[in-house]
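Please look over the model shown here before reading the report. The text is meant for someone who has not met this structure before.

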Amino acid sequence: MEKQLSLSFDNTAIAFEAKTDKDLKKANFLFSNIGKPWLVKLGATFTPIAFKLRLPIKGIIKNTIFSQFCGGETLEEAAHTALQLGNYHVGVALDYGVEAMEGEENYDNAVPEFVRAIKYAASRPDIPFIAIKITGFARFSLLEKIHAKTPLSAEEQQEFERVRKRVHTIAEAAALHNVGILVDAEESWIQQPVDDLTDEMMSLFNKKKVIIFNTFQMYRHDRLEFLKQSLDTAVKSNYLLGAKLVRGAYMEKENKRAAENNYPSPIQPSKEATDRDYDAGVAFCLNNLDKLGLFVGTHNENSCMQAAKVLHQKEVPHNTERVSFSQLLGMSDNITFNLAHAGYNVSKYLPYGPVKDVMPYLIRRAQENTSIAGQMGRELGLIRKEMKRRGI
């Protein structure tokens, strides 16, 4: 008879074992306020102005929202956070959270930064992944032109070749040092060249092991089919698919652009449709683990529980290198730490970078959190349950 899976996302003793009483009180204060849309709106407007006016707000931000959602200002600070998480068998996906500066020089300068992060990650068992965005190495409007199949000038073709070389340098370093690369998804109107570049890197470097992962945003109604096509392509071309499944991050932007330009929105008609495709995508990947690597990037408890149960029922070792779970730093610790405690591979997405440069990321996080129905209530409820358990 099969052994029952002992896993609960309600166990707050495990969820917050890495947090001191002071940390918990701070998180309680933060999530109480992030749940207020007016306050988030005020912060999003005021903070960039305050930085421009050089008001002394860095310390306040660093000790509140930054310390909750970011690993540090430098690679070394982020590594210290990774070390603390590693004590609880939680890995990290390093994410240089600075929004890309446009310009060839900036794109070129970003490459050695990522190679340095890869080499550093290779020396540490607690940093299995590095996240990258193709827009960190390429002009947005160039990708837009390629996606729209607009012919490129000779100069633009050379420009895109430079983009390819940058991504190749990073992918090659990752393969050499055995560090996973998670290629972020982008807006739907530049996604095709991102997919094509990522497929090319997978065909070169995912021969024996999954090193490169493409990201599938399942809030798009065409991505489940695209996931299946991607596996067909990988099998025919004799490489392993890396599939990072997320729900998606640009919903309002996507719907707005579709309405303004009078084309059908690529976004699912409902949250239920997104959930259905997400779980179908995870199930599809779990049925094909001999041909792919799966990265389950979600804060949805049901999706994580379902995936964990399938692995358990199939008697696949919980810590198989073919499956990883992930949540953002500072959120859903009840999922992350309980999965780690039950022996699954789980990582925190760990953004790092100078406070001022990471602000767009932090503002987006806060805005996303206020728009996820029930997420703040769930975070707060769990924090308060643990505070009560500890008697604080």
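What follows describes the strands, then the enclosed spaces, and then two residues in loops.

The model is a predicted one. Its sheet consists of 8 strands that close into a barrel in the order β1-β2-β3-β4-β5-β6-β7-β8, with parallel pairing. Within this sheet, neighbouring strands are turned against each other by 30 degrees on average when direction is ignored. As background, the strands of a sheet pair through backbone hydrogen bonds, and they may do so in a parallel or an antiparallel way.

Strand β8, which covers residues 346–352, pairs with β1 (residues 91–96) in parallel, and 6 bridges join the two. Along this pairing, G91 has S347 of β8 as its bridge partner, while L94 stands opposite L350 in β8. Strand β7 (residues 323–328) also runs parallel to β8, to which it is joined by 4 bridges, and here L328 stands opposite Y349 of β8. Together with helix α14 (residues 333–341), the strands β7 and β8 form a β-α-β unit that is right-handed.

How far is β8 enclosed by the rest of the structure? Because 7 of the 7 residues of β8 are buried, with buried meaning under 20% relative accessible area, the strand is largely enclosed by the rest of the structure. Its residues point in two directions, with V346, K348, L350 and Y352 on one side and S347, Y349 and P351 on the other, and all of them are buried.

The next topic is enclosed space. Rolling a probe the size of a water molecule over the atoms shows where empty space is left. A search of the whole structure finds 3 cavities of 30 Å³ or more, and the table sets out two of them.

| Cavity | Space | Nonpolar lining residues | Polar lining residues | Charged lining residues |
|---|---|---|---|---|
| Largest cavity | about 60 Å³ | 10 nonpolar | 1 polar | no charged |
| Second largest cavity | about 50 Å³ | 5 nonpolar | 3 polar | 3 charged |

The lining of the largest cavity is made up of I132, I134, V167, I170, A171, I181, V183, L197, T198, M201 and I212. At least two residues of this lining come from each of α8 (154–177), β3 (180–183) and α9 (191–205).

The second largest cavity is lined by F16, K19, A27, F31, Q68, G330, M331, S332, D333, E379 and I383. Two elements, α2 (21–34) and α16 (375–390), give two or more residues to the lining of the second largest cavity.

Two loop residues remain to be described. Most residues other than glycine have a negative phi. H89, although it is not a glycine, has a positive phi of about 60 degrees, and its place is in the loop between α5 (75–86) and β1. Is H89 buried or exposed? Since exposed means over 50% relative accessible area, H89 counts as exposed because its relative accessibility is 63%.

N178 is likewise a residue other than glycine with a positive phi, in this case near 60 degrees, and N178 lies in the loop between α8 and β3. With a relative accessibility of 46%, which falls between the limits of 20% and 50%, N178 counts as partly exposed. The two elements that flank the loop of N178, namely α8 and β3, are among those that each supply at least two residues to the lining of the largest cavity.

Definitions and conventions: Residues numbered from 1 in each chain as written. Predicted model: local features only at pLDDT ≥ 70, side-chain atom pairs only at ≥ 80, totals over all residues. Heavy atoms only, no water. 1 Å grid on protein atoms, 1.4 Å probe; cavity = no way out; pocket = protein on both sides within 12 Å on 5 of 7 lines; lining within 4 Å. Points joined across faces, edges and corners; volume = space filled by probe spheres on them. Nonpolar A, V, L, I, M, F, W, Y, C, P; charged D, E, K, R; others polar. Pairing = 2+ DSSP bridges. Axes fitted to C-alpha atoms, helices over the stretch in contact; angles between N-to-C directions. Buried < 20%, exposed > 50% of the residue type's maximum accessible area, 1.4 Å probe, protein only. Right-handed = clockwise from strand over helix to strand, strands pointing away.
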